[in-house]
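User: Please take a close look at one part of this model: the helices and how they pack. I'd like short statements, with residues and geometry.

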Amino acid sequence: MDRLDGHAHLMIVSDLDYTMVDHDDQENLSLLRFNALWESDYRHNSLVVFSTGRSPTMYKQLRKEKPLLTPDITIMSVGTEITYGESMVPDDGWEQYLNHKWDRDVVLEETAKFPQLSFQSSTEQRPHKVSFFIQKGYAEEVMKSLSELLVNRGLDVKIIYSGGICLDILPLGAGKGEALAYLHKKFKADGKLPTNTLVCGDSGNDTELFSVPDVYGVVVSNAHEELLKWYAQNSKDNPKIIHATERCAAGIIQAIGHFGIGPNISPRDVMDSGCKIKSFNPGHEIVMFYLLYERWRRAEVENSDLTIDNMISITHPSGIIVPPSGVEHSILECIDTLVPCYGDKRGKQFRVWVDRVSSSQISSDSWLVKFDKWELSDEGRHCCLTTVLLNSKPETPKGFALVNVHQTWLDGYAADHTTWIL
């Protein structure tokens, strides 16, 4: 919450499965489009929050499978757990708040009376969440009867049915909406309430997000029946909530444009990486540089001297690159080695994206940019913590020059093998 000095321009609060992540999109193109837009135009002054029904275990598993960015805040287990930053530091105050009139043992006793309920995996059972599967035809009756039993036992609980199969029992004060309201309260107390908040969802456990005051909302086109029904009954005529015509992350990008709350053209939708921009934006330039690298190897740009000249034009004559091996090379030499690699990833799995882009101006004409640079290929996925020194160079088409690039392997997902990669 302290990453930004002042108000966030935009805080996106998004569900993951079939909202930010489209599991039917094997190429992850809509997610990669969002990633490029966020790191290019929003990371420097905005916040991204993942709000998921997944437990920490399942959330971390998804991060290994999909090219997700690192969120500033993670809300997990249907709003019963809040953590901050890459280290996922838990919010102890939220945990204490949820203990009021909650007894997990009593919940287990009463739910055992319903044979229609079957436990979800052990990873999904959390201190303030008990989760089951239930067939659609039984859900309404079981929820009504179970609610009465738990109230009679002195508990204040909330029962959430979502996805046409999942039933979660939480403390009354829990939930995705309550967790967001809690965050808004904390931001307001610090004088840092985001200027705009956009909530995004696809299923029943997301409905509460749309009820938080003063937020924009997008129901993605592929939303489940229970959320569409809620939308038709509660928000169809609400100008601050839309039902997108695009799926998942593409629907989130659509909503940004619909509400006019910021740039909504992803760099992945722009093919001319050589055009000059009106004002210098380090994050945008880093994103476009690595997109050009990806497109060169996928043969999605023209194999011409002009493309190579574009790369060379943004390279300082004495620029160096220090790859994870620690052996220093000239950036110009690395570009020379890139030439024969044109199209070597054509028709193969190969994507490049950046995460956690941050920049600081260290002099009147120099910027230090740090980010995680990811590469996914048929050989696996690996990541470099990358530091780039940029100098202004007005005579070039892009207005800057790469002076120094330094890379080190990150722990976690980094592959064992190394590459010469830019």
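**Helix packing, close up**

Analyst: Gly-93 is partly exposed, because its relative accessible area is 35%, a value between the 20% limit for buried and the 50% limit for exposed. The model is a predicted one. Gly-93 sits in helix α3, which spans residues 92–98. Its C-alpha lies 9.7 Å from that of Ile-82. In sequence, Gly-93 and Ile-82 are eleven residues apart.

Next, α4 and α5. Helix α4 covers residues 104–111 and helix α5 covers residues 136–152. Their axes are 10 Å apart, and the packing angle is about 135°. That angle makes α4 oblique to α5, because it falls short of the 145 degrees beyond which a pair counts as roughly antiparallel. The crossing of α4 past α5 is right-handed. On the α4 side, Val-106, Val-107, Glu-110 and Thr-111 make the contact. On the α5 side, Leu-146, Leu-149 and Leu-150 do so.

Now α9, α10 and α11. Start with α9 and α10. The two axes come within 12 Å and cross at roughly 150°. So α9 is roughly antiparallel to α10. This crossing is left-handed. From α9, Leu-292, Tyr-293 and Trp-296 take part. They meet Thr-307, Ile-308, Asn-310 and Met-311 of α10.

Then α10 and α11. Here the axes come within 10 Å, crossing at roughly 160°. These two helices are therefore roughly antiparallel to each other. The crossing of α10 and α11 is right-handed. Ile-308, Met-311 and Ile-312 come from α10. Their partners in α11 are Leu-332, Ile-335 and Leu-338. Ile-308 and Met-311 thus appear in the contact with α9 and in the contact with α11.

Finally, α11 itself. The helix runs over residues 331–338. Ile-331, Cys-334, Ile-335 and Leu-338 are buried. They lie on the same side of α11, because they span an arc of only 100° around the axis. An α-helix has 3.6 residues a turn, so residues three or four places apart point the same way. What covers the buried residues of α11? The cover includes helices α9 (282–297) and α10 (305–313). It also includes strands β13 (315–322), β14 (329–330) and β18 (400–409). At the start of α11 there is a polar contact. A side-chain oxygen of Ser-330 comes to within 3.2 Å of the backbone nitrogen of Leu-332. Leu-332 is also one of the α11 residues that meet α10.

Notes. Residues numbered from 1 in each chain as written. Predicted model: local features only at pLDDT ≥ 70, side-chain atom pairs only at ≥ 80, totals over all residues. Heavy atoms only, no water. Buried < 20%, exposed > 50% of the residue type's maximum accessible area, 1.4 Å probe, protein only. Helix = DSSP H or I, 4+ residues; strand = E, 2+ residues; numbered from the N terminus. Arc of directions from axis to C-beta. Contact = heavy atoms within 4.5 Å. Polar contact = N/O pair within 3.5 Å; in protein donor to acceptor, adjacent residues only side chain to side chain. Axes fitted to C-alpha atoms, helices over the stretch in contact; angles between N-to-C directions. Parallel < 35°, antiparallel > 145°, perpendicular 65-115°, else oblique. Left-handed = near helix turned anticlockwise from the far one by under 90°.
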